[in-house]
Every structure is written in C-alpha cells, then in structure tokens.
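Please find below a colleague's note on the structure under discussion. The points are numbered for ease of reply.

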Amino acid sequence: LGMVHNDFAHAVKLLEPRIAARPNLVVIVSSGESQLSWASAELGRTVFGHYFVEGLRGGAGMDDAQKINVWSLYRYTAENVSRWAREQRAAVQTPML
C-alpha cells in the first residue's frame, strides 16, 4: 500500500524551538511536509540515505581541515535528492534542515 500521508516533517517543524535550544544539534529530515521519501532499488536504499552517505564520504566537499560542515552536507543532499525525485519520479522531495 505505501504511505498515504507523511506528517513526520510537520511534527519535526513543531519541535523547532526545542531543537534550536540545543547547542550543536542539527536535524535534517528526508522530505518536506506531505512529501514522500523515495526509495530506489538501483541505489539499494532510500534516495535521501544514499546522497547523505555520499555527502559524508566527501561528495559534499571538505574544508582545509578535511571536515564537512553541516550546511554543505545539507545542500549536497538536498540538491541531489530533489534532482533524483524530479528526474526519476516526476515528483518533489525536498529535504528540510
């Protein structure tokens, strides 16, 4: 059957004040409100999971200290997930930070 309605992203948005109160805590959600988080048989996992891991492996770029910052990781993941969903499923999937 699959998911009829995704309200997880909305629930996370309601937690934003509590998340913001935690130093050094960042939450990246795989899709926006009422969007599906797509899986891919070819990638062997969710599209978000695939690009998030690829970003951690260096796809997001590293600074001079060989570290990846969260903004670069988010941007890399969001751009690739959005492109994949648009090209492969004619859909919208926009990860949220």
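**Notes on the model**

1. Setting aside residues within four places in sequence, Gln 93 contacts Ser 30, Ser 31, Gln 35, Leu 36, Ser 37, Trp 38, Phe 48, Val 81, Ser 82 and Ala 85. Gln 93 itself is located in the segment after H4. The model is a predicted one, and the remarks that follow should be read accordingly.

2. Is Gln 93 buried or exposed? Its relative accessibility is 1%, and the cut-off for a buried residue is under 20%; Gln 93 is therefore classed as buried.

3. The side chain of Gln 93 has polar partners. One of its polar atoms lies 2.9 Å from the backbone oxygen of Ser 30. In addition, the side chains of Gln 93 and Ser 37 are joined by a polar contact of 3.5 Å.

4. The backbone of Gln 93 also takes part in a polar contact. Its oxygen is placed 3.1 Å from a polar atom of the Ser 82 side chain. Ser 82 belongs to helix H4, and a polar atom of the Ser 82 side chain lies 2.9 Å from the backbone oxygen of Ala 78. Beyond residues up to four places away in sequence, Ser 82 touches Gln 93, Thr 94 and Pro 95.

5. How far apart are Gln 93 and Ala 78 in sequence and in space? The two are separated by 15 residues along the chain, and their C-alpha atoms are 8.4 Å apart.

6. Gln 35, one of the contacts of Gln 93, deserves its own entry. Gln 35 sits in the loop that runs between helix H2 (16-20) and strand S1 (39-40). Its relative accessible area is 15%, which is under the 20% limit, so Gln 35 too is buried.

7. Which residues does Gln 35 contact, apart from its neighbours within four places in sequence? They are Asn 6, Val 92, Gln 93 and Thr 94. With Thr 94 there is a polar contact: the backbone nitrogen of Thr 94 lies 2.7 Å from a polar atom of the Gln 35 side chain.

8. The packing of H3 on H4 should be described next. The axes of helix H3 (residues 47-59) and helix H4 (residues 70-89) approach within 9 Å, with a crossing angle of roughly 140°. Angles over 145 degrees would count as roughly antiparallel; H3 and H4 are therefore oblique to each other. Their crossing is right-handed.

9. On the H3 side, the residues that meet H4 are Val 47, Phe 48, Tyr 51, Phe 52, Glu 54, Gly 55, Leu 56 and Gly 59. Their counterparts in H4 are Leu 73, Tyr 76, Thr 77, Asn 80, Val 81, Arg 83 and Trp 84. By character, the residues of this contact comprise nine nonpolar, four polar and two charged. Phe 48 and Val 81 from this contact are also among the contacts of Gln 93.

10. Finally, the chain as a whole. The protein chain has four helices and two strands, in the order α-α-β-β-α-α from the N terminus. Its C-alpha atoms fill a box of roughly 45 × 35 × 20 Å along the principal axes. Of the 97 residues, 34% are buried. Among contacts with a separation of 6 or more, 53% link residues 24 or more positions apart.

Conventions: Residues numbered from 1 in each chain as written. Predicted model: local features only at pLDDT ≥ 70, side-chain atom pairs only at ≥ 80, totals over all residues. Heavy atoms only, no water. Axes fitted to C-alpha atoms, helices over the stretch in contact; angles between N-to-C directions. Parallel < 35°, antiparallel > 145°, perpendicular 65-115°, else oblique. Left-handed = near helix turned anticlockwise from the far one by under 90°. Contact = heavy atoms within 4.5 Å. Nonpolar A, V, L, I, M, F, W, Y, C, P; charged D, E, K, R; others polar. Polar contact = N/O pair within 3.5 Å; in protein donor to acceptor, adjacent residues only side chain to side chain. Buried < 20%, exposed > 50% of the residue type's maximum accessible area, 1.4 Å probe, protein only.
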